[in-house]
Amino acid sequence: MNISNLFKIAFRAIAANKLRSFLTMLGIIIGVASVIAMMAIGQGSKKSIQANIAEMGSNMIMIRPGQDKGPGGAQQDASDMQTLKLKDYETLKEQAKYLSAISPSVNASGQFINGNNNTPSTIYGISPDYMEIRQLKIEDGDMFTDEDIKTSAKVCVIGKTVADNLFTNGEDPVGKVIRYNKIPFRIVGVLKAKGYNSFGMDQDDMVLAPYTTVMKRILSVTYLQGINASAITEDMTDLAIDDITSILRESHKLKGTDEDNFSIRSQQEMAEMMNSTSDTMTILLLVVACISLVVGGIGIMNIMYVSVTERTKEIGLRMSVGARGIDILNQFLIESVLLSVTGGIIGVIFGVGAAVGINVFAHWPIQIQPWSVLLSFAVCSATGIFFGWYPAKKAASLDPIEAIRYE
């Protein structure tokens, strides 16, 4: 019996039981759609995280006071969080060989007021180098100057979100005065909008001011909450970290056996950590999706067993008129593969549609992987052959006489 006749017989058998065939394919459809959608979401999140980290500065280095205890670590004393001083910033600025920019960092959160309008935000005390480190740009006005830092001037640069919330009539914020906890700040510039990052943070909800102003007039502290720096190139990040560690240990008079009383993190570390987390979640979601494929395969095996039982007489008649065991085997195997591949095609359509729908309605980043579609087809074919083989083999091994007599 030629292959074309076997395909015709398989198509007729599937068409004769449309609802049963569809329900059999449902497990495959759900499994394939889940694999494609989960891979698209996982890879989209990964790419979005990488883009956001690159946008923040892929060669950025963050220095924080105290030891890096990590999650669940011992709580540190208040004095441990005051180990970074302005002297450390000045020493690094003078001595560090692999840094292109460096800025101290202090911040406070509160209400900003302009007339009858107010908005909660965070004011960051930084130096002009912070703009290069974080890849920020001024859209309107200017950045405050080194002279403003020396005099602790009450000037600031505001983000787009703050500007929109405080100046609702569309007036130009530059030159206007806003208040923070009764302290007046004159706006000298407005930042170019950056939007939300992949962590859901509004990158335009910020106010930048001279670090001396925030330290003296708002926080009344002599220590820094952090130091942000940028390596000359991304490849020099590790060299820069080693250099910073050496300079700070010497500046803090730490002996060889003493632990660092500061912690250093790079964007590369953050990228690796976030990518690792994203990959783990994607694998877990894929495992769940693959379980659906296995369940779909078991459904195919079950329905093929039923089909063999129902068509025992037909099998006997075919054998009695010359059909060989291999022909019967191929007939049921083709039927099984058709069910799984058809389910796979429908699953691909649903999977791509679901991924696009999630992007359009939930605004989640997606990236549909062509290899995930090809893998789904390969798995579908393998599922049809694997789970259809045993029922097909059982049909092929039936005794023609017994099959004809079967009731």
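**Exercise 1. Is Ile30 buried, partly exposed or exposed?**

Work out where Ile30 sits and what surface feature it belongs to.

*Solution.* Keep in mind that this is a predicted model.
- Step 1: find the element. Ile30 is part of helix H2, which covers residues 18–57.
- Step 2: check the accessibility. Ile30 has a relative accessible area of 44%. Buried means under 20% and exposed means over 50%, so Ile30 comes out as partly exposed.
- Step 3: look at its partners on the surface. Together with Leu19, Phe22, Leu23 and Leu26, Ile30 makes a nonpolar surface patch of about 470 Å².

**Exercise 2. Classify two aromatic pairs.**

Take Tyr89 with Tyr211, then Phe112 with Tyr180, and say how each pair of rings is arranged and what it links.

*Solution.* A pair of aromatic rings is described by the distance of the centres and the angle of the planes. Searching the whole structure turns up three aromatic pairs, and here we go through two of them.
- Step 1: for Tyr89 and Tyr211, the ring centres are 5.9 Å apart and the planes meet at 70°. Angles over 60 degrees count as edge-to-face, so that is the label for Tyr89 and Tyr211.
- Step 2: place these two on the chain. Tyr89 belongs to helix H3 (residues 86–95) and Tyr211 to helix H7 (residues 211–219), so this pair links distant parts of the chain, 122 residues apart. Both Tyr89 and Tyr211 are buried.
- Step 3: now for Phe112 and Tyr180. Their centres are 4.8 Å apart with 40° between the planes, and the pair is tilted.
- Step 4: Phe112 is in strand S2 (residues 99–114) and Tyr180 is in strand S6 (residues 177–180), so the pair ties together parts that are 68 residues apart in sequence.
- Step 5: check the cover. Phe112 has 0% relative accessibility and counts as buried; Tyr180, at 2%, is buried as well.

**Exercise 3. Compare the ends of two salt bridges.**

For Lys97 with Asp243 and Glu139 with Lys160, give the distance, the location and the exposure of each residue.

*Solution.* The whole structure holds five salt bridges, and these are two of them.
- Step 1: between Lys97 and Asp243, the closest N and O atoms are 3.5 Å apart. Lys97 is in the loop between H3 and S2, Asp243 is in helix H8, and 146 residues separate them.
- Step 2: Lys97 has 54% relative accessibility and counts as exposed, whereas Asp243, at 12%, counts as buried.
- Step 3: between Glu139 and Lys160, the closest N and O atoms are 3.7 Å apart. Glu139 lies in strand S4 (residues 138–141) and Lys160 in helix H6 (residues 160–166), 21 residues apart.
- Step 4: Glu139 is partly exposed at 48%, and Lys160 is partly exposed at 31%.

**Exercise 4. Describe the surroundings of two buried residues.**

Do this for Arg249 and Ser340.

*Solution.*
- Step 1: Arg249 is found in helix H8 (residues 237–251). Its relative accessibility is 17%, so Arg249 counts as buried.
- Step 2: the Arg249 side chain makes a polar contact of 2.4 Å with the side chain of Asp260. Setting aside residues up to four places away in sequence, Arg249 touches several others, among them Leu254, Gly256 and Phe262.
- Step 3: Ser340 belongs to helix H11 (residues 325–362), and with 0% relative accessible area Ser340 is buried.
- Step 4: beyond its neighbours within four places in sequence, Ser340 is in contact with Ile28, Ile300, Cys380 and Gly384.

Definitions and conventions:
Residues are numbered from 1 along each chain as its sequence is written. This is a predicted model: local features need pLDDT of at least 70, side-chain atom pairs count only at pLDDT 80 or more; totals for chains, interfaces and linings use all residues. Side-chain values use heavy atoms; hydrogens and water are left out. Patches are made of residues with over 30% relative accessible area and no salt bridge: like charges are joined within 9 Å, nonpolar side chains (Val, Leu, Ile, Met, Phe, Trp, Tyr) within 5 Å. Accessible areas come from the Shrake-Rupley method with a 1.4 Å probe; for residues, only the protein chains shown count as cover. A salt bridge is a side-chain nitrogen of Lys or Arg within 4 Å of a carboxyl oxygen of Asp or Glu. Helices (H or I, at least four residues) and strands (E, at least two) are DSSP runs, numbered from the N terminus. Buried means under 20% relative accessible area, exposed over 50%, partly exposed in between (1.4 Å probe, protein chains only). A polar contact is a pair of N or O atoms within 3.5 Å; within protein, one must be able to donate a hydrogen and the other to accept it, and residues adjacent in sequence count only if both atoms are side-chain atoms. Contact means heavy atoms within 4.5 Å. Rings of Phe, Tyr and Trp (its six-membered ring) pair if their centres lie within 6.5 Å; planes under 30 degrees apart count as stacked, over 60 as edge-to-face and the rest as tilted.
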